[in-house]
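Hi,

Here is the structure I said I would pass on. Have a look at it first, and then read my notes underneath.

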Amino acid sequence: MAYGIWSLVPPLLAIILALVTKNVFVSLFVGILTGNLVLSGFSPLAGINGGLYSIADAMTQGNTIIIGSVLITAAIIHLAEKSGGIQGFVNVVVKRGGLIKSKRGANLFTWLLGLVVFTSGTLSCMVTGSVSRPVNDALKVPHEKSAFIVHATSTPWCVLFPFSGWLAAMAGYLVSGGVPEEQSVGVLFQSIFFNFYSILAILLVLILALTQKDFGPMAKAEQRAAETGALDDPAHLTESKISDTSTIDSGVTPRASNLLVPIGVLIAVMFAALFITGGGNIMNGAGTQALIWAVFTALLVIMSMCVTQRIFTVTQVIDEMFSGMKSMLPIAFVLLFGFTMGNVVKALDTGAYLSSLFQQLLSPALLPALTFLIGVLISFATGTSMGTMAIMAVLALPMAYDMGCNIPLVAGAVFGGSIFGDHASPISDTTIMTCSTTGCDIIDHVKTQTPYVASIGAASFLLYIAAGFVL
């Protein structure tokens, strides 16, 4: 069934409500109910019933693993903090003649760490945000700035450096769009040079880190942190955020190893699991399976370290584990609602409707630019990069072949436009995860990074126009 313009209402309503009410949880829930109301033919009872069941249906194996991994990662960081791992890490890299002595150094550290963790946007947000947060906090980097750096070096970098499960998925999307299977990987690597949005996002973060010159709301956040020491906008500093500041237990000796060892184990097991499940090739590995093995192993390691160092008894360490998870329960539910919203939008076929609106505007020279623009709108409205890639590949690539366009250029536009929403939308799962690990309010993150992502998007659009006429 074609829902036409009604397919746009639920995601746009969720985004507008999130920006107006500053409450993503309520906004997503309203969007879910509205979407199911449309799907049910505007029957109120059927819409509410469908909305409640759609939340339960979103608990697929993959989504459950991601939510579980978020909770386990929270437990790992909590135990690392209570056992002196975070304080020890800060002592090594910041205090007592440490390696990082300035905001510039903290920004560059976060940027580099984001590039190192390239296997998954989800894992990058969790690890980079969690590990860099104590360093950024110690050097008074506002949470809005650290969230922007963490987010911009997650999925955008995974697409530019797709040596993980991303390669297989992206190559598969190209094949679905008509690229011969034997040419798909080659076209994918050629398209990397035309993924203007992701390239500019990574470079902008580096430039801002080096120059320490911000603009717009981000500059105000930096000024606030420098003058008052407040890492968050006081208007959004809730009681839950104020209380979520677990500290090292008295009598515990700070040890950087209590943070570095479990995080190192997490990354190592992630690569090992990708290698094993991929039959010797990490690019073919099972990402979600590798993720759950990685976080579970890291949790066992830090729990064992706490017990063997006699910081906690077995009973106490289990209690602390659940205490760490408890702090992340609100984020877990927001993630669940985000996944549900994605399913609702897919059922409404929002992406296909948006695509159909622009098909009549496509011409050979403008095809790359309009492909990017459509991808931007779809990904922002849906909050998903993978779903947008799937839609745009089958729409744009066959047209590119028919019109004689440069295929890697159009493929780059598909991937770049798809990444925009994952990076910019308040209902994106990586937006939610980035804010959970950096401590940034979701709306503050969206507000402060919007001038940056909008500028990058505009520059990318102009580059695609130019490239469309030249290539």
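Below is what I found, going from one helix to the next and then to the cores.

One thing before you start: this is a predicted model.

Let me begin with H23, which covers residues 429-438. All of it is tucked away: 10 of the 10 residues are buried, so the helix is largely enclosed by the rest of the structure. The buried set runs through Asp429, Thr430, Thr431, Ile432, Met433, Thr434, Cys435, Ser436, Thr437 and Thr438. Right after the helix comes Gly439, with a positive phi near 85°.

Thr430 is the residue in H23 I spent some time on. Its relative accessible area is 3%, and since buried means under 20%, Thr430 counts as buried. What does the Thr430 side chain make a polar contact with? The partner is the side chain of Asp422, at 2.8 Å. Beyond four places in sequence, Thr430 touches Asp422 along with Cys125, His151 and Thr155. There is also a long-range pairing here: Gly121 sits 309 residues away from Thr430 along the chain, yet their C-alpha atoms are separated by 7.1 Å.

Gly35, in helix H2 (residues 24-39), has a long-range pairing as well. Gly35 and Leu348 are 313 residues apart in sequence, but C-alpha to C-alpha they are 7.5 Å apart. Leu348 is also on the contact list of Gly35, together with Pro10 and Val344, once residues up to four places away are set aside. Gly35 is buried, at 0% relative accessible area.

Two more threonines are worth a click. Thr371 is in H20 (residues 367-382), and at 2% relative accessibility it is buried. Leaving out neighbours within four places, Thr371 is in contact with Met392, Ala396, Val410, Ala413 and Val414. Thr388 belongs to H21, residues 385-403, and is buried with a relative accessible area of 0%. With the same neighbours left out, Thr388 is in contact with Gly375, Ile378, Ser379, Thr382 and Ser418.

For helix packing, try H8 (residues 143-152) against H12 (residues 196-211). Two packed helices are described by the angle between their axes and the distance between the axes. For this pair the angle is about 145° and the axes are 9 Å apart. H8 passes H12 in a left-handed crossing. On the H8 side, Lys145, Phe148, Ile149 and Ala152 take part, and they meet Ala201, Ile202, Leu204, Val205 and Leu208 of H12. Sorted by class, that contact has eight nonpolar residues, no polar ones and one charged.

Last, the cores. In soluble globular proteins, nonpolar side chains tend to be buried together. How many residues does the largest nonpolar core have here? It has 81, and the ones with the most contacts inside it are Leu79, Leu123, Val135, Leu266 and Leu299. A second, separate core of 58 residues includes Ala393, Leu395, Val414 and Ile456. Val414 is one of the contacts of Thr371 too. Back in the largest core, Leu123 is in contact with Leu266, and also with Val117, Thr128, Met270 and Leu291, leaving aside neighbours within four places.

That's the tour; shout if anything is unclear.

Cheers

Note on methods: Residues are numbered from 1 along each chain as its sequence is written. This is a predicted model: local features need pLDDT of at least 70, side-chain atom pairs count only at pLDDT 80 or more; totals for chains, interfaces and linings use all residues. Side-chain values use heavy atoms; hydrogens and water are left out. Helices (H or I, at least four residues) and strands (E, at least two) are DSSP runs, numbered from the N terminus. Buried means under 20% relative accessible area, exposed over 50%, partly exposed in between (1.4 Å probe, protein chains only). Contact means heavy atoms within 4.5 Å. A polar contact is a pair of N or O atoms within 3.5 Å; within protein, one must be able to donate a hydrogen and the other to accept it, and residues adjacent in sequence count only if both atoms are side-chain atoms. A nonpolar core is a set of buried Ala, Val, Leu, Ile, Met, Phe, Trp, Tyr and Cys residues joined through side-chain atoms within 4.5 Å. Axes are lines fitted to C-alpha atoms, for helices over the stretch in contact, and angles run from 0 to 180 degrees between N-to-C directions. A crossing is left-handed if the near helix is turned anticlockwise from the far one by less than a right angle, and right-handed if clockwise. Ala, Val, Leu, Ile, Met, Phe, Trp, Tyr, Cys and Pro count as nonpolar, Asp, Glu, Lys and Arg as charged, and the others, Gly among them, as polar.
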